[in-house]
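Notebook open, viewer loaded. I want to go through the domains, then the strands, then the charged pairs.

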Amino acid sequence: MVDFSFTEEQEIIRSTLREWCNKNLPLEKIREWDTKGEIPQSIVKGMANLGLLIMTAPEEHGGLGADWVTACIVAEELGYADISIALPVLWLVESSWGYAVDKHCSERVREDVIRKAIKGDAFIGIASTESSGGSDVAGFRSTARKEGDKWILNGEKMYISGTEEAKNWGGGYFVNARTSPPPPGAPHRGLTGFYLPMNSAGVEINKRFDDMGRMAISTGGFVMKNVELPEDYLLGEVDKGFYLTMEGFDCARILIAAVCLGTAKRVLELGMDYLKERRAFGRPIGKFEGLQFELADDWAELEALRSLTFRTAWMMDKRYKEKRFTPLEVAQMISACKLKTPHFAFDVCKHVMLWFGAYGYTKECPVEMGLRGIMSYCIGAEGATNIQRVVIARELLGKDYIAYK
Ligand SMILES: Cc1cc2nc3c(=O)[nH]c(=O)nc-3n(C[C@H](O)[C@H](O)[C@H](O)COP(=O)(O)OP(=O)(O)OC[C@H]3O[C@@H](n4cnc5c(N)ncnc54)[C@H](O)[C@@H]3O)c2cc1C
């Protein structure tokens, strides 16, 4: 027997959050943040008060112990409210990487950042990508070496979300650094994960990008020059950071899928209102089948992708709680969600912009914020589109068919 309904508690979380978003995140406010380039910290504190920050962390660590289906409901609602996706990005980066760090960190790191981030008093993110590339982990140049009881980190991280927030609010990053040369044929081995506080001596932000979208959260780069980290800032095991990174990516990618679907749903609703309201040739433009059919196709795809995404979140919960499904089975499904949802949401924004005609090309119309924001996930934040295809094809054909091995 298959039951596709959400629990009563999940429905309450959705309606409470929708109410909070209607009050605090109207589209005029989103436009204001998009123009100013910042999210008010009071909003982050508001989310903390609702228990939404790193909500999947266990209760004993300050989280709600929420499951991933519930986290996806929250992601969908935030994507629905903030179609620029700046706030959803901030929330999901913290939720996924905060969860992964919390799972593998020492009590000291938990005190230093996780508990603070849950209260909205610090930011935690992922700093994996380097200026030489993000997809090819074997190409990472950042290094960590052990000296006495300390780790010394050197290198540069680039295209990193939240660098200004981490500097201004406190907090830091999950970083990857090479601790051993990779054995032949296994480029992913020899990387180690660390928690890097942004206020460490030797860390310097050297770049803030002028992004095309999600303007209210910063993207930047930083250098690490002989940064000393204590032993208990090591995450998981030495040389096994790749696996931890993949765990964080899985969590981030499923939340991205739900955010993209929330934004697509909202934009489609904005479009539907316009189809009824705008008139051409003496009738509402929604009477024209050319537009109706596009709407119907988009709605059908939205429902199909929602089923895929929530089923995958359910699989994640089964994996974590009951060890049902293998990590690779779940990763394949998550990559399917990350492969499809950003491009679908982008197409919806494009369709609806066209329905809006000239108005759609102006900043008086909110939809262009969605198009710009969603593009970041088409390009590759939390993993390029082709890398999702690589993950899926690897599971379908077998490891022997990985092109770069
Ligand atoms: C707005 C934004 C925010 C970001 N925030 C963060 C962050 O917070 N932390 C972080 O660590 N990174 C972040 N990133 C970086 C992101 O993770 C990388 O963009 C992504 O991993 C891809 O790396 P790259 O951009 O270097 O592209 P590359 O790896 O150089 O790839 C370039 C192109 O080649 C393709 N390609 C690469 N390998 C293959 C292959 N094997 N087969 C087929 N095609 C391939 C890719 O799909 C892509 O189209 C962010 C990116 C953006 C756009």
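My entries follow, in the order I looked things up.

**Entry 1, domains.** First a reminder to myself that this is a predicted model. I pulled up the domain assignment, which splits the protein into domain 1 (8-123), domain 2 (124-240) and domain 3 (242-401). I picked domain 1 and domain 3 to look at as a pair, and their C-alpha centres come out 20 Å apart.

**Entry 2, the interface of domain 1 and domain 3.** How many residues of domain 1 are in contact with domain 3? I get 32 from domain 1, against 40 residues of domain 3. The size of an interface is often given as the accessible area lost when the parts come together, so I looked that up next. Domain 1 and domain 3 bury about 3000 Å² between them, and 68% of that is on carbon and sulfur atoms.

**Entry 3, polar side of that interface.** I count 4 salt bridges between domain 1 and domain 3. I also looked up D34 and R372, whose side chains meet in a salt bridge at 2.8 Å, N to O. For polar contacts across the interface of domain 1 and domain 3, the rule gives 13 residue pairs, both residues at pLDDT 80 or more.

Which helices each supply at least two residues of the side of domain 1 that touches domain 3? I noted α2 (27-36), α4 (68-81) and α5 (86-104). Of the elements on that side, α5 gives the most, with 12 residues. Sorted by class, the side of domain 1 that touches domain 3 has 20 nonpolar, 5 polar and 7 charged residues.

**Entry 4, strands.** Moving on, I traced β2 (residues 143-147) into β3 (residues 150-161); the two run antiparallel and are joined by 5 bridges. K146 has W151 in β3 as its bridge partner. The hairpin of β2 and β3 has 2 residues between the strands, and G148 there takes a positive phi near 60°.

β3 is also joined to β7 (residues 219-230), again antiparallel, by 9 bridges. Checking one position, I found K157 opposite F222 in β7.

**Entry 5, charged pairs.** Side chains of opposite charge can pair when their charged atoms come close. My salt-bridge count comes to 25. I then looked up E32, which forms a salt bridge with K29, with the closest N and O atoms 3.7 Å apart. Where do E32 and K29 lie? Both are in helix α2, 3 residues apart, about one turn of the helix. I also jotted down that α2 is one of the helices supplying residues to the side of domain 1 that touches domain 3.

Methods:
Residues are numbered from 1 along each chain as its sequence is written. This is a predicted model: local features need pLDDT of at least 70, side-chain atom pairs count only at pLDDT 80 or more; totals for chains, interfaces and linings use all residues. Side-chain values use heavy atoms; hydrogens and water are left out. Domain bounds come from an automatic or database domain assignment. Contact means heavy atoms within 4.5 Å. Buried area is the accessible area (1.4 Å probe) that two parts lose on being put together, summed over both. A polar contact is a pair of N or O atoms within 3.5 Å; within protein, one must be able to donate a hydrogen and the other to accept it, and residues adjacent in sequence count only if both atoms are side-chain atoms. Ala, Val, Leu, Ile, Met, Phe, Trp, Tyr, Cys and Pro count as nonpolar, Asp, Glu, Lys and Arg as charged, and the others, Gly among them, as polar. Two strands pair if DSSP finds at least two bridges between them.
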